[in-house]
Structures are given as structure tokens and as C-alpha cells.
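Reader: I'd like to learn how to read burial, helix faces and charge pairs in a model. Could you walk me through it?

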Amino acid sequence: MAIPQSFLDELTERVDIADVVGRYVTLKKGGVNLMGLCPFHEEKSPSFTVSPSKQFFHCFGCGKHGNAIGFLMEFTGVGFIDAVKDLAQMAGMQVPQDKVSPAQAAERQQRKEEKKTLADFNAQAAKAYKEHLKRASEAILYLKGRGVSGEIAARFQLGYAPASEHALAAVFADYADPALEDAGLVIYKEETGRRYDRFRDRLMFPIRNARGECIGFGGRIMGNGQPKYLNSPETPIFHKGRELYGLFEARQAIRSKGYALVCEGYMDVVALAQWGFANAVASLGTACTEHHLQLLLRHTEHIIFSFDGDNAGRKAAAKALEIALAFATDTRRIQFLFLPKEHDPDSFIRERGEQAFAEQVELALPLSQYLLQVASQDCNLATPEGRARMAHQARPLWAQLPTGALKLQMLDEIARVAQMARQDMQALWEALGAQARPSRAQHSAVESRAISTASPPPFNSAPMPEHADGYEAVAGPQALPNDPSYWAQDAYMPPANMDDSVLMEPWIGAGAAPELPEHGQAYGGHTSHEAGFEMLPESMFKAPAEPKRSWNKGGDWKSARDGGKFSRHGKQGDGFLTTARGPLRQRPLRREEHAACILLAHMPLLETLGEQDITLLCRLPAPDGVLFGWVDDHYQQHGAQAWPDLKTVLLAALPGPIKRLLPHIEAIASHPQADYQDEFRNVLKHIMIRQLKLEIDEVTQSYETDSQAGAKLRRLTSHMAQLK
């Protein structure tokens, strides 16, 4: 979203920085300026000044300075656009929107209102849970037993969800409102009609975003039941991989202490705050993600990960290291703290006290040392084999570090542990990288063979008029290439739900080795043009009941249902393809085509995908990536259209070969969207995992030549982990 500079200038003229800063800092008159204690570092004498005449702030202690927008970004941790929106709301101004259609603008406004409704519902529930805690003697005793004071409980707005299944029915006038399900507060079982509270008999931890809005909850059981922690589900306003528990409460302490302490549990954060470490935050039941680090780095350049000393804690630390490597610039400090195996931060600080935990913080391992530890895992460094293995394991970790002094020094450190000269190890790594990458000549040869063997699938319609560059002249989203060979990739890939042996069986003689035809050929030795494929009727796409087969001696089988009408004859070792009785069928759909058909038939399914997933689909090789990109572009311009409305656009925009998909789309569109939701999700998962594996391999081979390879690999592996 691009905001015009003219609007920013007008915005800063309309607002008074004294009013903006005064909402968070107590200011007093000091000559022509206003003075106060700096909110960005610990101080006893005010060195923070605000100039109403010049409309900027400056701290003579820590050097922070800027205008009203910069102050909001620094203090609240929000991004530039969110800071501008907040400031514009204070000034009663409307932020200019990108050029969008009225329908898209209405859709954005509707989503905004829906998110506000969900946040309001969460706020009401948090207030109710807080009131219930005052009367829940068992929960109060539990908190006191964990050393949590009333002051800390109030700071984190802790609450209690009663054991009743319908406690929230007394909070909300319409307990049947579907928005309560969208907020994750209520569960509705459609098959039984049962509706009940998600959180019952649990200590409640409200999760707040950078603005202080309650976006979700974590509920901890106080007995021995399972699950120990129950989180809100993913909602339009709550994404576990993007939020940190306690960050809103810890912002000031992070600035004053100079670092953020990342833990694994809600109670760790609360207990550490009770004992003086109010700069602690926790991931929400997930491994650390790049979004978590980006969020923290808005507040500090120094991050310490605190993990339990058991195996699970070590594994979580190794994952955090992989994510953190790409952020380890020369100006940042990232460390790893490991407690004794029997402790987590909560139990350790309650048993041994604040000073003992502070000593553990001082002993936290720098990222550089922990990288060497991870690389040396399962390696006997006393032997050449062990040192070689260590260097091999260190290479992908080192490659993710951003270019800088730290990366150069780590090369020396790895070489030292491997007992190799730095130049020798660097030359070896470069040779391995070059060996893994195919040469340009090899790539061209493979590409030439693919082009020479490709044969376009048949289509009967006359070609549409096209420009000289091969693209059709249509309005709206970018048109697709009309060259038939452009759409001929993977012409005989089996569909997602079909095993290769099942696909080939009707055409293969008994005992014949299963072989797919050459690209561009049909079964039975004909080329695709010679075969004269015809589109099968819609009924052929429905899965029939599996007939019973009787197996005869000599390698024959006959269908019991058809009385032996369709039979296959051939002796062991014949090894030839027989001609199928009846018409040859057209090639089955590939997974990518099947997913596109479902999406075109039920476009609202696009709204169930995250931005990361959509971007990946658009990166698929042609023609699939181009087709998904066209669908996304059309959605951005016109919203989710029903198939009857979309069909007209498809017929005008898509090239001739794509017309063969229309019967499939028609068949899918005749069924409710709900019938295809799970299938769509499963097919996409297979597609995206396969594509991510290819991209990960490609990035891994480019370590030595691409300075951004580490960051790319981090994003791809994070996406892969989410899918799996």
C-alpha cells in the first residue's frame, strides 16, 4: 500500500506531537519545549524533549528522535502503515486507498468490521473471565501456589473459565451468533447441534497484539488433564506464528533492560515478570518463526532464547537457531540459554531465585558458539571423519548468515574446529556448490529434449486472435499464452487420487513391465494426434463401484460384472502394450489442473489460502503458475465470483487448450463447495510440498553465489514446516 507524501505532510501538520507523546509519557513544561522521562530507556532525570514548534521528539540520553509517526512506531512496535492509520484516526482523516473496485473496497471494509467484532467479543470474554477469577477459590490458590501476586495477575489480565459448558451464554446476548465461533470462543457441532464454550475449567491468559487488543486466549488446566495448554484456533485476527504472548506487557521492560527473553510457556512469562524479568515473552505453542523475530527486532537488537534443558528444549533451540541465522547481522546479539534438565524458567526462578536466574542469563551462549555446537552434534572431533562431518553439517548453517564480519569470522571458527585451512575449506565448499549445480550446457540440453518431444494436446476449437507476442487481446487480468505447446507439460501425469499401476493396468499385457509412453505419444503406439482423443461424457468422471475380478490361470482376468466382456489376454513376458477396447480416453488431469478446476468452480476457496500459499502457487512452473496467477489477479479485481459469472470471462480469456478443463469445472460446480474443501486442501498440500522441495534444492545449490540464499531457505523451510 503506497501512501502519498502529500497526505503524510498534511497528517503531520494536523496532529500535535505533544498530544501523541502525551498519551504515553508524562510531559512537563521546560522552556519552549516539553520534558519527560524517556520511554525508550531507563533514567531518573528527564532527558526526553518534545518540541511543539518543530513537531519532533529527541532524547539526549539514548539518541532516539523523530516525528509523531516515528514515535508511534518506536513505542508501540507497529509498522509504518499501521502507525499512519492510528495517527490518521486520531486526526479524523481517511488514509487514501489504492485504486480498487467498489466491490473490493466494500469487501475490505467488511473484513475490517469483522475483525473489530472479533476483537470486541474477545475483550468481553476476557473481562468476564477476569470477574470469574475473583470468585474461583481453586484458581486463586493455584496462582498463589505458583507465587503469582494480584498485581501481576492484573497486569496480564489473567482470568478463569468456569467448568460450565455455557458460561459465555451469560456474557453474550446471542450465544448462537456465528461470530463467536469465528472468534474461537464457542464450538458448534453441526451433526449434533451441540454448542458449547471452548475453554472450560481453565486458567485463562488473554493474548494481546501490539495495540493491546485481545486477539486470542491460552487456557491452562490446573489439574493433571490433557491438553495442558489449549489455545484459540487460527482466526482472522489471531495467527500463532505471528504473535508473542506478553509482548504488549513487556515492551517497556525490553527497552529498559536492553534485551528480550523468549520462553516457551505462558507461566514462564508470568513467573519471570513476578521475579523482576518483565522483559519475557513466549511463543504460542509453536516453534519460533521469522515473524516472531521481526516483531521482537522492532523493540530490541538483543534477543535471548530460554529453553528447557531436556531433549524437547534442545530441539526447539535448534529450530530457533535456523530461523535466527538470517537475522544475525553484525549489530545484533542473539543468545541461547539452557537451564538444567529438570527445570523450566518458571520452576527454576521459584526454586533458586532472581539472582541465580540472572547468572544463567549472563552465561547464555552466543549464536556463534551454539552454531558450532549444533554443527558438531554426533561428531567425534578427535577423528578426521568426525571433523569432516562437522564441516559438512556447518556449511548450510553458515550459508544462512547475512554477509558481514560475523559470517567471515564464523568461516575461520569452523575451519579451526575442522582443523583445515580457511582457504582449503572455502575452496571445498565452492567446489561442492558448483558440483551440485548443473552446467548451463546440461540445462540447455535437457530443455531442448523436452521441447523436441513435446506434442500439444488436441483441441477442436479454432485459435483465438492473438497479438504478435503470443498473448490474447482481452481486458481485465493478464491474458494467458495461446501457443498450444505452452500447455503441453506433463501431459500424462496421473491424477492426484490414482496410483500409477491402476492408471496403466487396462492397457498393459500380463507380465509386461509398466512403462509410460514417451512424452507426446498415446498408448498403443499412436501419437496424440493420431489417436483422435474425444472428450468422455461427464458420467465417466464419477468413480464406479470396483467390480470383482476373477483371475484365470495363464495370466488372464475377466470382470465378473461384465461377464467377461472386457478381458485382457497375454502371456508372461510378452512385454507389449495391447490396444484398449472401446475409445481411448483423454489423459487424466494432473494435480495442478484438478486444483485449478476446483478453484475456478468454487472461487471462494481462494479466501481459505494464506498469502504465502497463493504466492507459492503463482511460482509454479508454466502453465500452472500462470493460470493460478490469472485466478489471483481476477480475484483481486473482481472478488470471488460464482462459476456462471466466471465462465464467460474464462471463455474469452483462456487459450484453446484450457477449454478441455471446462467439462471438469462444470461437473465440480454442480456440487456444493463443502464437498470439495477437504479434497482441495489435500491436493494443494501435495502440490506445494513438491514445489517447496524443488525450490529448497535449488536454493541450497546456490549458497555460494546468492547472498540471499540463507533468507530464502529460511522462508521455504518455515513454509514447509507449516504445511507438514
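Author: Happy to. One cut-off first: a residue is called buried if its relative accessible area is under 20%, exposed if that area is over 50%, and partly exposed in between. Bear in mind that this is a predicted model.

Reader: Fine. How much of the protein chain is buried, and how many helices and strands are there?

Author: Buried residues account for 46% of the 724 residues. The chain has 28 helices and 19 strands. As for how it folds back on itself, take the contacts between residues at least 6 apart in sequence: 64% of them join residues at least 24 apart.

Reader: Now helices. Why would buried residues of a helix point the same way?

Author: An α-helix has 3.6 residues a turn, so residues three or four places apart point the same way. Try it on α1, residues 5–14, where Phe7, Leu8 and Leu11 are buried. Look down the axis of α1 and those buried residues fall within an arc of 100°, so they line one face of the helix. Across on the other side of α1 you find Gln5, Ser6 and Glu13, which are exposed.

Reader: And what covers the buried residues of α1?

Author: The cover includes α3 (68–76) and α4 (80–91).

Reader: Let me try α14. Which of its residues are buried, and which are exposed on the face turned away?

Author: In α14, residues 354–362, the buried ones are Ala356, Phe357, Gln360 and Val361. Their arc around the axis is only 150°, which puts them on the same side of α14. The face turned away from that buried side carries Gln355 and Glu362, both exposed. The buried residues pack against two helices and three strands, namely α10 (266–274) and α13 (345–352), plus β12 (260–263), β14 (302–307) and β15 (333–338).

Reader: On to charges. How many salt bridges are there?

Author: The rule is a side-chain nitrogen of Lys or Arg within 4 Å of a carboxyl oxygen of Asp or Glu. By that rule there are 17. Take Glu165 and Arg194, whose closest N and O atoms are 2.5 Å apart. This pair links distant parts of the chain, 29 residues apart: Glu165 is in the loop between β6 (159–161) and α8 (178–182), while Arg194 is in strand β8. Glu165 is partly exposed, because its relative accessibility is 30%. Arg194 also counts as partly exposed, at 36%.

Reader: Where do Arg332 and Glu301 lie?

Author: They form a salt bridge too, with the closest N and O atoms 3.5 Å apart. Arg332 is in the loop between α12 (311–324) and β15, and Glu301 in the loop between α11 (290–297) and β14, so the bridge ties together parts 31 residues apart in sequence. Arg332 comes out partly exposed at 26%, and Glu301 partly exposed at 35%.

Reader: What about Glu695: buried or exposed?

Author: Start with its partner, Arg619, which forms a salt bridge with Glu695 at 2.8 Å between the closest N and O atoms. Arg619 lies in the loop between α23 (611–618) and α24 (624–638) and Glu695 in helix α27 (677–700), so the pair ties together parts 76 residues apart in sequence. Arg619 is partly exposed at 38% relative accessibility. Glu695 has a relative accessible area of 11%, so this residue is buried. Elsewhere, salt bridges that share partners join Arg590, Glu592, Glu593, Asp624 and Arg690 into one network.

Reader: Now a trickier case. Which side chain of opposite charge is nearest to Arg198?

Author: That's Glu181, but at 8.4 Å; Arg198 is buried and has no salt bridge. Its side chain reaches the backbone oxygen of Gly184 instead, at 2.7 Å. Arg198 sits in the loop between β8 (194–197) and β9 (202–208). Beyond its sequence neighbours within four places, its contacts include Leu185, Leu230 and Pro233.

Reader: And what does the side chain of Arg195 make a polar contact with?

Author: With the side chain of Glu181, at 2.7 Å. Arg195 is in strand β8 and is buried, because its relative accessibility is 17%. Among its contacts beyond four places in sequence are His166, Tyr175 and Tyr188.

How values were computed. Residues numbered from 1 in each chain as written. Predicted model: local features only at pLDDT ≥ 70, side-chain atom pairs only at ≥ 80, totals over all residues. Heavy atoms only, no water. Helix = DSSP H or I, 4+ residues; strand = E, 2+ residues; numbered from the N terminus. Buried < 20%, exposed > 50% of the residue type's maximum accessible area, 1.4 Å probe, protein only. Lys, Arg positive; Asp, Glu negative; His and termini not counted. Polar contact = N/O pair within 3.5 Å; in protein donor to acceptor, adjacent residues only side chain to side chain. Contact = heavy atoms within 4.5 Å. Arc of directions from axis to C-beta.
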